Protein chains: 2
Amino acid sequence: MKEKLTSSLEDYLEVICNYIDKNKIVRAIDISKELNVSRASVTEALKKLANKKLLIYDRYGSIIMTEEGFKEARNVVARHTTLQKFFEEIIGLDKTEASQNACRIEHVISEQAFNKIVEFVEKYLQDNK
Amino acid sequence: MKEKLTSSLEDYLEVICNYIDKNKIVRAIDISKELNVSRASVTEALKKLANKKLLIYDRYGSIIMTEEGFKEARNVVARHTTLQKFFEEIIGLDKTEASQNACRIEHVISEQAFNKIVEFVEKYLQDNK
DNA sequence: GAAAATTGTAAGGTATGCCTAACATTTTGT
DNA sequence: ACAAAATGTTAGGCATACCTTACAATTTTC
């Protein structure tokens, strides 16, 4: 029975995943800068994510995402991407504003609503191109 | 300098406002049932809202919203209404699902994004009727 | 007009998520 | 290689937002 991640943990996971995709590795300090939290807070979050088997790490060791972790993270990233597209290309917000809203909404939108928005965005952009 | 309300306090305010509109009065227990929290939690929230001058009440007394409180509450309700309309009439979710998503997103959407969505919803429904 | 039921509050507890300060470990630079 | 700098961790604190339990006040009912 896997329980839903908190918004906060989803944020950490998302950043870690994006970082690994770009740079192969992530350090706590990268995450801390990206999310504007203290290094201590990152340590806490890493412990929680490790407990949930979404990543593996030892004290002072490097951060490795598990398959399950990637799965969860890609899920969040997908929500973000679609929402950002919606706000930018359909609603007409600038990139920054679109991203900020996507960041917050990605944690609270239901799966059903997300799926429908994916459809809507695709159809809308098709019809209006 | 008025600081942003937490999602939680916005929820309380919204329920209180809706209740007063419908029934003239609200009791702590109504709020508690509506939000699925304990009566004790309602007391806490009422204290916080009273501290912020959004409502007035005394121990065991009735709950009266201030003008400022109504203003804030109407604001939240407006966000909810528009988002619900969007999810129901444009995205095609059923009423319940639309409402649940509106409930969560209303607390995190930016003012700018909200305004643009209002425009979008109006224009879209106009063009597609 | 009490006793019973309902409603409201206070006290004390839990979990999350953040912080700072101090200390541990690792990495860098010479 | 080793001192200095950077990074990571721990410990202890704070705020929010819940909870339960016990008690206080009010309302209902007979």
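A polar side-chain atom of R27(A) sits 3.0 Å from a phosphate oxygen of DNA strand D, and that is a good place to start looking around. This is a predicted model, in which local features need pLDDT of at least 70 and side-chain atom pairs count only at pLDDT 80 or more, while totals for chains, interfaces and linings use all residues. Residues are numbered from 1 along each chain as its sequence is written, chains are lettered from A and ligands numbered from 1 in the order in which they are written, and side-chain values use heavy atoms, with hydrogens and water left out.

Two further side chains reach bases of the strand, and the table sets them beside R27(A). A polar contact here is a pair of N or O atoms within 3.5 Å; within protein, one must be able to donate a hydrogen and the other to accept it, and residues adjacent in sequence count only if both atoms are side-chain atoms.

| Residue | Partner atom in DNA strand D | Distance |
|---|---|---|
| R27(A) | phosphate oxygen | 3.0 Å |
| R39(A) | base nitrogen | 3.1 Å |
| E44(B) | base nitrogen | 3.0 Å |

Altogether, 22 residues surround DNA strand D, and the closest are I29(A), K47(A), T6(B), S38(B) and S41(B). Being near the strand means having a heavy atom within 4 Å of it. Of the strand's atoms that come within 4 Å of the protein, sugar and phosphate account for 68%. At least two residues of this surface come from each of α2 (28-35) and α3 (39-51) of chain A and α1 (7-23) and α3 (39-51) of chain B.

Now to the place where the two protein chains meet. Chain A and chain B each bring 20 residues to the contact (heavy atoms within 4.5 Å). The area buried between them is about 1700 Å², with carbon and sulfur atoms giving 67%; this is the accessible area (1.4 Å probe) lost on putting the two parts together, summed over both. In chain A, I91(A), V108(A) and F120(A) lose the most area to chain B, together 27% of what that side buries. Eight residue pairs, both at pLDDT 80 or more, are in polar contact between the chains. On chain A, the helices α4 (67-90), α5 (95-105) and α6 (111-127) each supply at least two residues of the touching side, and α6(A) gives the most, with six residues.

Finally, chain A itself runs α-α-α-β-β-α-α-α from the N terminus on (helices are DSSP runs of H or I with at least four residues, strands runs of E with at least two, numbered from the N terminus).
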